[in-house]
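Morning, everyone. Please bring up the model on your screens, and we'll walk through it together.

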Amino acid sequence: MQIGQALFNAPDLLGGQAARAAVSCASCHSNGRRNPAFFLAGISAVPGSADVSSSFFSLARGNGRFDPKPIPDLALPGKVSRDPASRALEGFTRGLIVEEFSGREPSAAQLADLASYIRAIRACPDRLTEPRTLASDLALLRTTIAGATVLLERGDIGGAQILVQSARFRLGLIDERLVGPKDKRLHSALLDASRQLAAAPLQRDLLASWLLRFERTIAPRLARSERQSLYDPATLDRWLAARR
Ligand code: HEC
């Protein structure tokens with residue numbers, strides 16, 4: 001299920017325009033639910049909608065019509081059966097990746113991982129929104145590296161590459177949130193870490209030592225900068241107000 005979550009958050013699972021625009025499944029279905037703020041010009045009519053048969057994403061399914069639909073909440077029963085026996089979810093997901101978003105053919109194991117993640121998504125009645133925190137981004141980074149390691153064990157090099165790229169994307173998102181005046185060296189440390197990840201040959205022990213170094217040298221500095229970063233709601237409010 002963790003591999004499924006990692007793939008769900010990886011832009012390179014989708015090909016073409018979506019990957020270039022850093023759009024992953026999670027961009028529209030945040031935390032597997034629905035992103036009411038998703039808006040991409042030419043794809044959305046109103047925030048929270050998307051035309052997934054648009055030729056912007058794919059030539060295979062592009063129907064030449066602009067017909068955005070509300071993004072569904074994947075925790076709720078929908079038109080695609082979640083019954084594992086029918087494997088409808090696996091088939092639908094494959095169609096999305098390959099035809100809708102022009103992505104590379106996913107392996108059967110990747111589809112099974114994605115489907116088990118989607119089947120496990122549940123509504124939390126007591127929590128309507130989930131704040132994006134440094135802790136949640138770091139947890140996703142760890143899940144992504146762990147997922148890449150498991151895919152390498154399976155001999156799925158393509159899948160591991162998708163997740164390593166996704167880990168670099170996550171580092172970029174973390175970096176964007178650091179707006180403190182004293183964060184200059186932390187920015188370069190994150191950039192170095194991202195470059196090391198790109199340069200290292202895809203091997204389990206190298207991924208493990210990369211993560212160990214990250215946890216020892218960068219994670220504690222991120223924690224110290226969190227109060228001055230856009231992860232901090234008060235800092236975010238001030239930052240937004242200064243730009244209005
Ligand atoms: C650009 C936004 C966008 C992205 C990216 C996206 N989806 Fe969706 N998704 C939608 C919309 C809109 C629908 C509803 C389509 C419809 O009603 O015809 C949908 C429908 C679905 C459904 C069917 C839900 C039901 O009704 O049972 C599933 C499952 C799903 N998406 C999973 C995924 C997965 C997995 C990915 C990544 C491979 C993904 N989506 C990427 C917007 C998106």
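Let's begin with a term. A polar contact here is a pair of N or O atoms within 3.5 Å. Keep that cut-off in mind. Also remember that this is a predicted model.

Now, the contacts with the ligand. Take Val80: a polar backbone atom of this residue is 3.0 Å from an oxygen atom of the ligand. That is within 3.5 Å, so the pair counts as a polar contact. Next, Lys79. Here a polar side-chain atom lies 2.8 Å from an oxygen atom of the ligand. Then His29. One of its polar side-chain atoms is 3.0 Å from a nitrogen atom of the ligand.

Stay on His29, please. Which protein donor does the iron atom of the ligand have? It is His29, through NE2, at 2.2 Å. The protein offers the iron no other donor. Where does His29 sit? Look in the loop between helix H3, residues 25-28, and strand S1, residues 49-50.

Let's widen the view to the shell. How many residues surround the ligand? There are 27. The closest are Cys25, Cys28, His29, Lys79 and Arg82. Three elements each supply at least two shell residues: H3, strand S2 (69-70) and helix H4 (88-100). Which of the elements gives the largest share? H4 does, with 5 residues. And the chemistry of the shell? By class, 20 of its residues are nonpolar, 4 are polar and 3 are charged.

On to pockets. The ligand takes up the space of the second largest pocket. So what about the largest one? Rolling a probe the size of a water molecule over the atoms shows where empty space is left. The largest pocket has a volume of about 1,300 Å³. It is lined by 39 residues, and those closest to its centre are Ser30, Asn31, Glu130, Pro131 and Arg132. Four helices give two or more residues each to this lining: H3, H5 (108-120), H6 (134-153) and H7 (157-176). H6 gives the most, with 5 residues. The lining of the largest pocket has 18 nonpolar, 10 polar and 11 charged residues.

To close, go back to H3 on your screens. H3 supplies at least two residues of the shell around the ligand. H3 also gives two or more to the lining of the largest pocket. Thanks for listening.

Notes:
Residues are numbered from 1 along each chain as its sequence is written. This is a predicted model: local features need pLDDT of at least 70, side-chain atom pairs count only at pLDDT 80 or more; totals for chains, interfaces and linings use all residues. Side-chain values use heavy atoms; hydrogens and water are left out. Donors are N, O and S atoms within 2.8 Å of the metal (3.2 Å for Na, K and Ca); water is not among the atoms, so sites may look incomplete. A residue is near a molecule or strand if one of its heavy atoms lies within 4 Å of it. A polar contact is a pair of N or O atoms within 3.5 Å; within protein, one must be able to donate a hydrogen and the other to accept it, and residues adjacent in sequence count only if both atoms are side-chain atoms. On a 1 Å grid over the protein atoms alone, a cavity is a set of points where a 1.4 Å probe fits but cannot get out, and a pocket is an open set with protein on both sides within 12 Å along at least five of seven lines; lining residues have an atom within 4 Å of a point. A molecule sits in a cavity or pocket if more than half of its atoms lie within 2 Å of its grid points. Ala, Val, Leu, Ile, Met, Phe, Trp, Tyr, Cys and Pro count as nonpolar, Asp, Glu, Lys and Arg as charged, and the others, Gly among them, as polar. Grid points are joined across faces, edges and corners, and a volume is the space filled by probe spheres set on the points.
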